[in-house]
Amino acid sequence: MKKHQSLLNLILIVLFIAIANRSAAQVTSGPSDATTAPPTAVTDVGKILCAGQNISIAGPQDVGGVDFTKYHWYKIDPSGNKQEVTAMTGRTYTETTGAPGYYNYQVVTENSNGCTSPISDVFKVFVLPPLTVAITTPTSSMCAIASSETLLTANVTPSSGYVINYQWTRNGVVIPGATSSTYDVTGETSPATVTFGVNVSYALSPTCPATGTKDIILTPIPTKPLITAN
Amino acid sequence: MCALTIPKKTTLLSCFLLGLVCLSFTGRLKRVISVYTGLALSNDTTVTVCGSSVTLNTVPVAGYSNPSWNNGSAGTSLTVTSSGDYWWQVTGTNVVTNGDFSAPTTNATTRGFTSAYNYVKLTTNCPTCCCGVLSLEGTYAVGTNPNSYHTQFTAFGDHTSGSGNMLIVNGAATANTTVWTQNITVIPNTDYVFSAWATSVNPASPAILQFSINGSPLGSTINLSPTLADGVWQYFTTTWNSGSTSGSVPIALVNQNIASNGNDFAVDDIVFAPVYRQNVHVVLNPIPVLALTSPHEVCSFYDLTKAIVGYDTGTYNYFFKDSNGNTITTASAQNITQSGTYTITEQNKATGCTSLPQQTTITIDPTPQKPGITSL
């Protein structure tokens with residue numbers, strides 16, 4: 001009987017903790033808003049980060065240049081409600097990012113009298129999705145002759161929604177003016193294997209680039225034949 | 001009707017002559033005293049006071065003296081502690097001859113009055129009297145001690161001095177018997193007061209007396225108290241306006257009690273005199289009691305109305321002052337941004353009565369400005 005009573009108490013405690021945790025504010029670890037279109041300009045948000053970068057934002061100091069007693073950080077959840085993430089003594093708040101999207105924050109400062117400031121405006125951090133690029137071409141081999149050509153195409157992921165900057169290279173050397181998503185290989189007359197590459201980056205942030213390469217084999221053409229008579 | 005606005009003051013010894021009434025206040029005078037001017041008995045004054053008491057004072061009226069009040073007290077002032085109707089009066093010369101029964105009792109002429117009762121004195125021979133010369137109903141005497149005239153009458157002194165004469169009566173068993181009457185001379189269109197002091201001399205069946213003038217009853221009957229002890233003098237008074245009557249008219253005290261057992265009483269200090277009476281209607285309004293919570297230490301600003309216990313704008317007006325004594329609006333009071341001691345009073349909208357000022361201390365702590373967020 002006593003054993004059953006202890007088991008019942010344990011069940012009740014577990015239930016209580018579960019209910020308490022459920023009733024507490026749930027703070028999302030992902031973006032506040034993953035559906036709205038990306039910003040069109042850098043100035044549309046407070047900060048743009050590459051995928052995998054940590055968020056690191058700070059509240060102000062008092063007029064004497066000293067940290068306030070406490071900083072109450074709030075994060076907007078996907079439903080648009082602000083949830084207090086933490087009440088901390090330091091003024092810097094960091095968070096590991098997850099999925100791309102907007103991460104929206106507000107802060108309230110509290111001084112030594114316990115007086116709190118008005119809540120700040122929303123500070124938006126936009127986290128970009130991972131950027132990758134692959135080069136495709138109809139053929140990886142072409143004749144080493146000026147008239148031969150093939151078209152290289154840079155296929156970027158994400159494939160839409162973002163403005164991408166391109167820069168083509170030939171054997172690691174920037175090809176001047178080659179800044180579109182395709183590059184027409186032509187004029188190659190020397191037999192060799194040439195590595196063509198493309199460096200891509202978001203127009204919103206040049207700090208998270210991606211690179212793709214493609215080797216093109218330039219086959220020597222037969223020499224001009226001579227006809228002989230027996 | 002005229003109205004006078006009186007400034008408020010905590011202790012106002014304000015004696016103001018409005019032709020009719022002079023008042024001093026232990027409370028705080030509210031706002032308006034309405035005075036009905038005139039010289040008839042219908043003079044009415046309304047005194048509205050904030051507080052629990054007010055002292056009413058008479059004012060001199062030429063040719064009149066002996067101020068008295070509705071409760072029988074004499075003097076120029078009366079402190080009242082409840083709302084209600086009061087009056088004071090001053091009387092002219094008493095036209096009653098020997099109203100205090102101090103004159104020699106030799107005969108009806110020297111006594112100054114006549115009666116339907118039989119006069120007796122201590123030396124009267126009364127073989128049928130069981131207990132003194134006033135043993136028989138329908139008899140009266142003028143003396144200093146009722147008990148000297150009837151062994152069952154209580155011993156006590158007269159009303160005038162305690163040692164003078166009074167009229168001592170063994171009531172008759174016949175209604176409307178005149179106990180005391182006298183012809184007096186009146187002038188037309190004059191207010192008169194007819195008053196007397198009376199008491200039972202035996203507790204059984206207290207007498208029922210009535211004033212009369214010119215043969216007509218005047219005022220309500222005078223019912224001697226069945227509970228007051230013998231010798232406790234009771235004051236009875238009524239007023240009369242002579243109208244067109246002039247010259248000599250009889251005034252009388254008539255006994256309406258026909259009980260043979262008891263119905264014994266004494267009368268003294270009969271007055272019939274021109275009178276000036278002032279009716280005073282007193283309204284005592286309570287002073288609001290304002291309670292505040294204090295102190296308060298808050299961030300940014302404070303709503304001073306939150307410090308008021310039972311804040312009720314439907315009933316009260318509120319007045320606010322800052323630490324420098326400057327009046328501030330209610331809107332400002334609800335957004336106090338400066339630390340300091342603030343003073344609040346409340347005024348009852350219906351009565352105009354204002355509470356004592358109360359103070360509360362507010363400490364406003366600075367609040368951080370709206371922060372901005374920067375990215376590191």
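This is a chat between a student and a teacher about how to read a predicted model with chains A and B.

Reader: Let's start where the chains touch. How many residues does each chain bring to the contact?

Author: Chain A puts in 25 residues and chain B puts in 13 residues.

Reader: And how do people give the size of an interface?

Author: Often as the accessible area lost when the parts come together. In this model, about 1500 Å² is buried between chain A and chain B, and carbon and sulfur atoms give 65% of that. Three residues to look up are A:Ala58, A:Cys115 and A:Phe123: they supply 28% of the area that chain A buries against chain B, more than any other three residues.

Reader: What about charges? Which side chains meet in a salt bridge?

Author: The count between chain A and chain B is one salt bridge. Its partners are the side chains of A:Asp121 and B:Lys370, with 2.6 Å from N to O. For polar contacts, the count between the two chains is four residue pairs, both residues at pLDDT 80 or more.

Reader: Which elements of chain A give two or more residues to the side that touches chain B?

Author: Strand E2 (55–58) and strand E6 (101–110) of chain A do. The largest share, five residues, comes from E6(A). Sort that side of chain A by class and you get 12 nonpolar, 11 polar and two charged residues.

Reader: Now sheets. How do the strands of a sheet pair?

Author: Through backbone hydrogen bonds, either parallel or antiparallel. Here you can follow an open sheet of three strands, in the order E5(A)-E2(A)-E25(B), with antiparallel pairing.

Reader: Why is one side of E5(A) and of E25(B) left without a neighbour in the sheet?

Author: Strand E5 (92–95) of chain A and E25 of chain B stand at the edges, and each has a single partner strand, so one side of each has no neighbour in the sheet.

Reader: How many bridges join E2(A) to E5(A)?

Author: Four bridges join them, and the two strands run antiparallel. As an example to find on screen, A:Ile55 has A:Glu95 as its bridge partner in E5(A).

Reader: And how many join E2(A) to the strand from chain B?

Author: Two bridges link E2(A) to strand E25 (residues 374–375) of chain B, again running antiparallel. Look for A:Ile57, whose bridge partner in E25(B) is B:Ser375.

Reader: Let's zoom out to chain B. How many helices and strands does the secondary structure of chain B come to?

Author: Two helices and 25 strands. Chain B has 376 residues, and 49% of them count as buried. Then there are contacts with a separation of 6 or more: in chain B, residues 24 or more positions apart account for 67% of these.

Reader: How do I read a single loop residue? Where is A:Pro209?

Author: Ask where the residue sits, how accessible it is and what it touches. A:Pro209 is in the loop between strand E14 (192–202) and strand E15 (210–219) of chain A.

Reader: Is A:Pro209 buried or exposed?

Author: A:Pro209 counts as exposed, because its relative accessibility is 54% and the exposed class starts over 50%. Leaving out residues up to four places away in sequence, A:Pro209 touches A:Leu131, A:Val200 and A:Ser201. Compare A:Asn199: A:Pro209 is 10 residues from A:Asn199 in sequence and 6.8 Å from A:Asn199 in space, C-alpha to C-alpha.

Reader: Which peptide bond in chain A is cis?

Author: For that, check omega. The bond from A:Thr157 to A:Pro158 is cis, with omega near 5°. A:Pro158 sits in the loop between strand E10 (149–157) and strand E11 (164–170) of chain A. Chain B offers an example too: a cis peptide bond joins B:Ser294 and B:Pro295, with omega about -10°. B:Pro295 is in the loop between strand E19 (264–285) and strand E20 (296–299) of chain B.

Reader: And phi? What is phi of B:Ser300?

Author: Phi of B:Ser300 is near 75°, which is positive in a residue other than glycine. B:Ser300 lies in the loop between E20 and strand E21 (316–321) of chain B, and counts as partly exposed at 35% relative accessibility. B:Phe101 is not a glycine but has a positive phi of about 60°. Find B:Phe101 in the loop between strand E9 (84–91) and helix H1 (108–111) of chain B.

Reader: Is B:Phe101 buried or exposed?

Author: B:Phe101 is buried, because its relative accessible area is 0% and buried means under 20%.

Note on methods: Residues are numbered from 1 along each chain as its sequence is written. Chains are lettered from A and ligands numbered from 1 in the order in which they are written. This is a predicted model: local features need pLDDT of at least 70, side-chain atom pairs count only at pLDDT 80 or more; totals for chains, interfaces and linings use all residues. Side-chain values use heavy atoms; hydrogens and water are left out. Contact means heavy atoms within 4.5 Å. Buried area is the accessible area (1.4 Å probe) that two parts lose on being put together, summed over both. A salt bridge is a side-chain nitrogen of Lys or Arg within 4 Å of a carboxyl oxygen of Asp or Glu. A polar contact is a pair of N or O atoms within 3.5 Å; within protein, one must be able to donate a hydrogen and the other to accept it, and residues adjacent in sequence count only if both atoms are side-chain atoms. Ala, Val, Leu, Ile, Met, Phe, Trp, Tyr, Cys and Pro count as nonpolar, Asp, Glu, Lys and Arg as charged, and the others, Gly among them, as polar. Two strands pair if DSSP finds at least two bridges between them. Buried means under 20% relative accessible area, exposed over 50%, partly exposed in between (1.4 Å probe, protein chains only).
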